[in-house]
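Reader: I am new to this structure and would like to understand the terms used for it. Could we go through them one at a time, with the reasons behind each?

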Amino acid sequence: MIEIKGVHKSFGDLEVLKGIDLDVKKGEVVSIIGASGSGKSTLLYCINAIEAINGGKILVDGVDVHDKNTDKNQLRQNLGMVFQQWNSFPHLTVLENAALAPQVVKGFSKEKAEEIATKELTHVGLGDKLHEYPTKMSGGQQQRLAIARALAMDPPYMLFDEVTSALDPELVGEVLDTLRLLRDDGMTMICVTHEIAFAKEVSDKVAFFHKGLIEEMGTPQQVLENPQKERTKQFLSKVL
Amino acid sequence: MNLFTPISWNDAGFILTGVLNTVYISVIAIFFGTILGLVLGFARAEGNKIVNMCLGGVLDILKSVPLIIQLILFSTFIGAMGYPLEPFVAGSIILSLYTMAFMVEVFRSGFDNVPAATKKAARSLGMSYWQTVRHISIPIGMRSVLPSWIGVGLSVIKDSALVSVIGYMELLRTAEQLISRSQQAVMILVGVGLFYFLISYPLSLYGKYIERKMTR
Amino acid sequence: MDSYNFHWNVVWDAFPQLLGGAFTTLHVSVLSMLVGIVAAVFLALGKMSNSKILSLLSSIWIELSRNTPALFLIYMAYFGLGAYGIHLSPYLSVFAALVFVNGGYLAETFRGGFQSIPPTQYNAARSLGMNRVQAYRHIILPQMFRRIYHPMTNQFIWSILMSSLGILVGMNDLSGETQRLQSSSFRTLEFFIVAAAMYYVIAKLVLFAAHLVSKRVFKGELS
């Protein structure tokens with residue numbers, strides 16, 4: 001379970017998160033929507049300890065993420081993360097991309113790591129690209145590689161940061177299909193997304209961020225079809 | 001009595017010593033220059049402002065004082081301090097440091113070319129800082145530096161000619177001695193030039209080739 | 001450790017001579033740079049020309065200058081030409097070698113700078129009604145100059161530092177003067193420390209001046 005309690009985060013004078021409370025239970029899919037600059041992505045970075053926080057607490061399975069005694073590298077193994085830009089490792093083949101972290105972080109043998117990587121890559125539909133270099137692939141394929149790369153660490157949680165925003169429109173579908181696949185596997189996921197229809201379809205819970213606060217949260221039906229707050233209505237009318 | 005003696009086959013061994021010495025000191029300078037350059041280049045790319053200022057200052061001196069002056073100064077200095085060194089040793093030290101000064105920039109730009117987002121992605125997989133350096137930053141950074149590394153290496157081979165000034169018997173110095181003995185300057189010099197050219201030109205073509213391959 | 005007693009007086013007494021040497025150093029560097037630039041323009045044009053012979057001749061010059069030591073070229077000018085009865089002074093030998101090298105290196109710089117300007121820039125200029133000359137004068141050359149400015153500065157610094165090879169043929173540049181002065185006074189260390197400092201200062205001053213000029217000249221975005 002991921003527990004986010006009153007989290008504050010500032011960049012210099014700019015307060016990006018002004019007290020966020022959010023619980024994500026095992027097996028839940030939570031989508032975070034909201035305008036650019038509302039702090040959605042920053043929250044993901046804070047959960048993964050890539051960014052420090054200025055107040056509050058984030059617990060992952062009871063472990064305080066920002067406690068200085070917490071082994072951040074250990075923690076990140078439990079939190080798979082996929083970014084807006086896929087960040088493939090250009091010097092490694094598709095298979096090596098996904099097999100690297102299991103080898104060097106978990107200390108698996110090359111064979112075992114490649115076996116796991118092959119399984120995950122096949123799962124996301126890249127089974128026929130194992131020995132190609134990622135720079136030769138489309139953005140959609142590279143993004144699926146990034147997902148498989150994270151999955152190869154066998155994390156109980158996955159964080160998705162606007163994973164379709166940098167893609168050409170015709171490539172969005174294949175990546176969303178991959179996310180649906182993960183939902184069907186029972187993966188716990190937090191998705192920061194601009195795809196409202198997708199959020200409605202896959203989420204157990206939707207949180208609408210506005211200026212560093214959760215303005216409205218609930219089931220997709222509550223938040224997306226029957227919003228109570230004026231700002232949520234305005235935002236939805238703009239994006240739908 | 002004839003003051004000058006024409007060059008003969010006996011001189012081939014003499015010239016060959018020069019050739020080998022040139023290759024020898026170049027390889028040593030490139031080897032140590034590369035290792036030191038890699039370490040300091042990393043320090044410059046990842047280090048804070050103070051590290052950068054200190055390093056930059058020292059490297060700047062190595063790059064802004066003529067190599068020949070550095071060689072004379074160093075060998076005179078250690079001599080005056082009572083620790084005279086063989087020309088080969090003194091030459092190797094200075095040529096390695098000189099090479100290092102240029103290699104640092106080569107490697108620094110290599111490390112700077114690794115996108116921060118890629119390093120972040122590696123960290124998000126649970127890789128530690130040093131694992132990320134070892135498996136991501138070095139392999140990605142080093143790919144892009146090969147052409148400029150070759151460039152620096154080639155200029156080291158050429159600059160190694162200057163170590164003759166402190167008495168190291170490299171190719172150009174053996175040639176100069178043969179010239180003053182035999183007075184057959186053109187023939188000897190053409191041979192020497194050909195030697196440098198035949199080493200340097202193919203390597204420079206190879207450097208250009210991989211550079212083209214990369215930008216495509 | 002033996003104690004070495006530094007004696008600086010003799011160096012200060014000789015300072016005017018050192019300054020004279022520094023002037024010669026600058027003199028030969030500037031001149032070889034200017035002539036080298038002219039040579040480089042012709043070499044770059046020659047290499048890009050359709051004529052096979054021109055292109056080949058330019059390539060030979062360029063590759064020879066880039067793939068042989070500068071000291072070799074100085075010896076070539078000093079000893080090599082001497083064998084044909086052409087006796088160049090130390091100054092002219094160093095000057096000729098530096099021109100040869102500067103020409104070769106700058107030719108490649110110029111060619112690279114020229115080829116880095118996208119052809120669309122030229123077409124865009126022509127589409128605005130500029131003629132060929134205007135397009136080069138206002139669009140192509142200014143952009144090209146920005147890209148080659150920095151490498152040209154580096155080449156100039158290189159010329160200053162490499163002119164120190166004059167010491168090996170008895171030229172009266174900064175290093176040659178230093179050599180002459182130390183051999184008559186035996187204060188080798190002092191003289192070469194001062195010479196090193198002077199080269200450093202000259203190199204820094206040139207860089208600083210180049211920086212000032214670039215700030216004045218390049219007003220827009222540096223690409």
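**Terms and reasons**

Author: Chain C has 9 helices and 0 strands, where helices (H or I, at least four residues) and strands (E, at least two) are DSSP runs numbered from the N terminus. This is a predicted model, in which local features need pLDDT of at least 70 and side-chain atom pairs count only at pLDDT 80 or more, while totals for chains, interfaces and linings use all residues. Residues are numbered from 1 along each chain as its sequence is written, and chains are lettered from A and ligands numbered from 1 in the order in which they are written.

Reader: What makes strand β3 of chain A "mostly covered"?

Author: A residue is called buried if 20 or more other C-beta atoms, placed from the backbone, lie within 10 Å of its own, exposed if 12 or fewer, and partly exposed in between. In β3(A), residues 29-34, 6 of 6 residues are buried, with A:Val29, A:Ser31 and A:Ile33 on one side and A:Val30, A:Ile32 and A:Gly34 on the other.

Reader: Why is β3(A) said to pair with β8 of chain A?

Author: Two strands pair if DSSP finds at least two bridges between them; β3(A) and β8(A) (residues 188-192) have 4 bridges in the parallel sense, so they pair. Here A:Ser31 stands opposite A:Cys191. With β9(A) (residues 205-210), β3(A) pairs in the parallel sense over 5 bridges, and A:Val206 is the bridge partner of A:Ser31.

Reader: How do you know which residues of chain B are in contact with chain A?

Author: Contact requires that C-beta atoms, placed from the backbone, lie within 7 Å, and 16 residues of chain B are in contact with 19 residues of chain A. Helices α5 (116-124) and α6 (129-159) of chain B each supply at least two residues of that side.

Key. Two residues are in contact if their C-beta atoms, placed from the backbone, lie within 7 Å.
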